Amino acid sequence: MAPSPRTGSRQDATALPSMSSTFWAFMILASLLIAYCSQLAAGTCEIVTLDRDSSQPRRTIARQTARCACRKGQIAGTTRARPACVDARIIKTKQWCDMLPCLEGEGCDLLINRSGWTCTQPGGRIKTTTVP
């Protein structure tokens, strides 16, 4: 009986599993790196989307979505016109100006129905923010 052609290629057969395990080790390492890098540090926020609508004269409507990783007792809010983690009490009691939402030099006032706040600049320009 003649030797089988498979016996001569046994060396190649052992190389395939080691290459496969190396490939999977690389894939696991890469996925862990991606997962680690995409996570936010505790107490920080990042803007995910920002949409502006200037279709109305003298008025711009801006909507933004933020992703936050807040600590216990904190919730996503706004500080100095940027998304930030703020004390949850501020949000529950709707005391929006306590989170310092306006830029330095601007005045903060609550809307009458506490659905948001206004930031008044020294020149008289007013920015209104409402909370859904």
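**Notebook: the largest pocket and a three-stranded sheet**

I looked up which strand gives the most to the lining of the largest pocket, and found strand 2, with seven residues. I note that the model is a predicted one.

Entry on the pocket. I read a volume of about 1,500 Å³ for the largest pocket. I then listed its lining, which comprises 36 residues. Nearest the centre of the pocket lie Ala62, Arg63, Gln64, Thr128 and Thr129.

I next asked which strands each supply at least two residues of this lining. I found strand 1 (44–53), strand 2 (61–69), strand 3 (74–79), strand 4 (82–87), strand 6 and strand 7. I also sorted the lining by class: 19 residues are nonpolar, nine are polar and eight are charged.

Entry on the sheet. I turned to strands 6 and 7, which contribute to the pocket lining, and looked up their place in a sheet. They belong to an open sheet of three strands, ordered 5-6-7, with antiparallel pairing. Strand 5 (107–110) and strand 7 (126–130) each have a single partner strand, so they stand at the edges and one side of each is left without a neighbour in the sheet. From one strand to the next, I recorded a twist that averages 20 degrees.

Entry on one pairing. How many bridges join strand 6 to strand 7? I found five, between strand 6 (residues 116–120) and strand 7, and the two run antiparallel. I also checked what stands opposite glycine 116, and noted threonine 130 in strand 7.

Conventions
Residues numbered from 1 in each chain as written. Predicted model: local features only at pLDDT ≥ 70, side-chain atom pairs only at ≥ 80, totals over all residues. Heavy atoms only, no water. Pairing = 2+ DSSP bridges. Helix = DSSP H or I, 4+ residues; strand = E, 2+ residues; numbered from the N terminus. Axes fitted to C-alpha atoms, helices over the stretch in contact; angles between N-to-C directions. 1 Å grid on protein atoms, 1.4 Å probe; cavity = no way out; pocket = protein on both sides within 12 Å on 5 of 7 lines; lining within 4 Å. Points joined across faces, edges and corners; volume = space filled by probe spheres on them. Nonpolar A, V, L, I, M, F, W, Y, C, P; charged D, E, K, R; others polar.
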